[in-house]
Amino acid sequence: MSVNLPIVLVGLPGAGKSKVGRLLASRLGVDHVDTDDLVEERQGRPIADIFAIDGEAAFRVMETDAVACALTRSAVVSLGGGAAATQAVRDLLAGHTVVYIDAPHNELVRRTASKTHRPLLATDPDGALRRLREAREPHYRAVATLTVPSGPGPADGVVTDILTHLEHS
């Protein structure tokens, strides 16, 4: 199968961008780049620490730089949940294959409620995810060249949906 790389995955926290990204990259025989991991590697500390010490605005600058770097690679790229809300990132995504992984609210809450590494979801995952969807979904839809649903089933099903769509586009 021939696809245009990079393939970029966007969506809310818990949508499965990292997991689907790893599986999709494996199926395509290419690298997977997670921009959150890239930021942590470059900064030498976890994102939660960056948020706590430097603030969200500083993190978004670091994230934009990581996205720009990742987009130069022939890889599957998983963006952090808030990346597409940044205009500079949306500009960088123009002309790329961007997949919006859309998971229902209750599934996102189930997937993220017990996680401690997500600073924006730390105190009220349900309410925070509702607010994040309202704020970010228009950005995901604006950059997406493809939208795929993600429910309680295995992530491999989402990968198959993506590959099927890409094969027929």
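A residue is called buried when its relative accessible area is under 20%. By that criterion, Thr-97, Val-98, Val-99, Tyr-100, Ile-101 and Asp-102 of strand 4 are all buried, with Thr-97, Val-99 and Ile-101 pointing one way and Val-98, Tyr-100 and Asp-102 the other way. The structure is a predicted model. Its five strands form an open, parallel sheet, and its largest nonpolar core has 48 residues. The points below treat the sheet, two helices, the core and several individual residues.

**The sheet**

- The strand order is 2-3-1-4-5, and the pairing is parallel.
- Strand 2 (31–34) and strand 5 are the edge strands, each pairing on one side only.
- On average, neighbouring strands of the sheet are turned by 25° against each other, direction ignored.
- Strand 1 (residues 7–10) is joined in the parallel sense to strand 3 (residues 75–78) by three bridges, and the bridge partner of Leu-9 in strand 3 is Ser-78.
- Strand 1 also pairs with strand 4 in the parallel sense, over four bridges; here Ile-7 stands opposite Thr-97.
- Strand 4 and strand 5 (residues 146–149) run parallel and are joined by four bridges, with Asp-102 opposite Pro-149.

**Strand 4**

- Strand 4 (residues 97–102) is mostly covered, and six of its six residues are buried.
- In a regular strand the side chains alternate between the two faces of the sheet.
- The two sets of strand 4 follow such an alternation: Thr-97, Val-99 and Ile-101 point one way, and Val-98, Tyr-100 and Asp-102 the other way.

**Helix 1**

- Helix 1 (residues 17–28) has 12 residues and reaches 16 Å from its first C-alpha to its last, close to the 16 Å expected at 1.5 Å a residue.
- The buried residues in helix 1 include Lys-17, Val-20, Gly-21, Leu-24 and Ala-25.
- Viewed down the axis of helix 1, its buried residues fall within an arc of 130°, so they line one face of the helix.
- An α-helix has 3.6 residues a turn, so residues three or four places apart point the same way.
- Lys-19 and Ser-26 are exposed on the other side of helix 1.
- The partners against which the buried residues of helix 1 pack are strand 1, strand 2, strand 3, strand 4 and helix 8.

**Helix 8**

- The end C-alpha atoms of helix 8 are 18 Å apart, which agrees with the 18 Å that its 13 residues should span at 1.5 Å a residue.
- Ala-155, Val-158, Val-159, Ile-162, Leu-163 and Leu-166 are buried in helix 8.
- These buried residues fall within an arc of 135° when seen down the axis of helix 8, so they line one face of the helix.
- Strand 1, helix 1, strand 4 and strand 5 are the elements against which the buried residues of helix 8 pack.

**The nonpolar core**

- Within the largest nonpolar core, of 48 residues, those with the most contacts are Leu-9, Leu-79 and Ile-162.
- Helix 8 (residues 155–167) gives the most to this core, with six residues.
- Apart from neighbours within four places in sequence, Leu-79 is in contact with Val-8, Leu-9, Val-10, Lys-17, Thr-35, Val-67, Val-89 and Leu-93.

**Two strand residues: Val-76 and Pro-149**

- Val-76 lies in strand 3 and counts as buried because its relative accessibility is 0%.
- Not counting residues up to four places away in sequence, Val-76 touches Ile-7, Leu-9, Gly-21, Leu-24, Ala-25, Leu-28, Val-30, Asp-31, His-32 and Val-33.
- The C-alpha atoms of Val-76 and Gly-157 are separated by 17 Å, and these residues are 81 residues apart along the chain.
- Pro-149 is found in strand 5 and, at 56% relative accessibility, counts as exposed.
- Leaving aside neighbours within four places in sequence, Pro-149 is in contact with Asp-102 and Val-158.
- Pro-149 and Tyr-100 are 49 residues apart along the chain, and their C-alpha atoms are separated by 8.4 Å.

**Backbone features**

- Most residues other than glycine have a negative phi, and most peptide bonds are trans.
- The peptide bond from Leu-5 to Pro-6 is cis, with omega near 0°; Pro-6 lies in the segment before strand 1.
- Gly-29, just after helix 1, takes a positive phi of about 70°.

Terms used. Residues are numbered from 1 along each chain as its sequence is written. This is a predicted model: local features need pLDDT of at least 70, side-chain atom pairs count only at pLDDT 80 or more; totals for chains, interfaces and linings use all residues. Side-chain values use heavy atoms; hydrogens and water are left out. A nonpolar core is a set of buried Ala, Val, Leu, Ile, Met, Phe, Trp, Tyr and Cys residues joined through side-chain atoms within 4.5 Å. Buried means under 20% relative accessible area, exposed over 50%, partly exposed in between (1.4 Å probe, protein chains only). Contact means heavy atoms within 4.5 Å. Two strands pair if DSSP finds at least two bridges between them. Axes are lines fitted to C-alpha atoms, for helices over the stretch in contact, and angles run from 0 to 180 degrees between N-to-C directions. The expected span of a helix is 1.5 Å times one less than its number of residues. The arc is that of the directions from the helix axis to the C-beta atoms.
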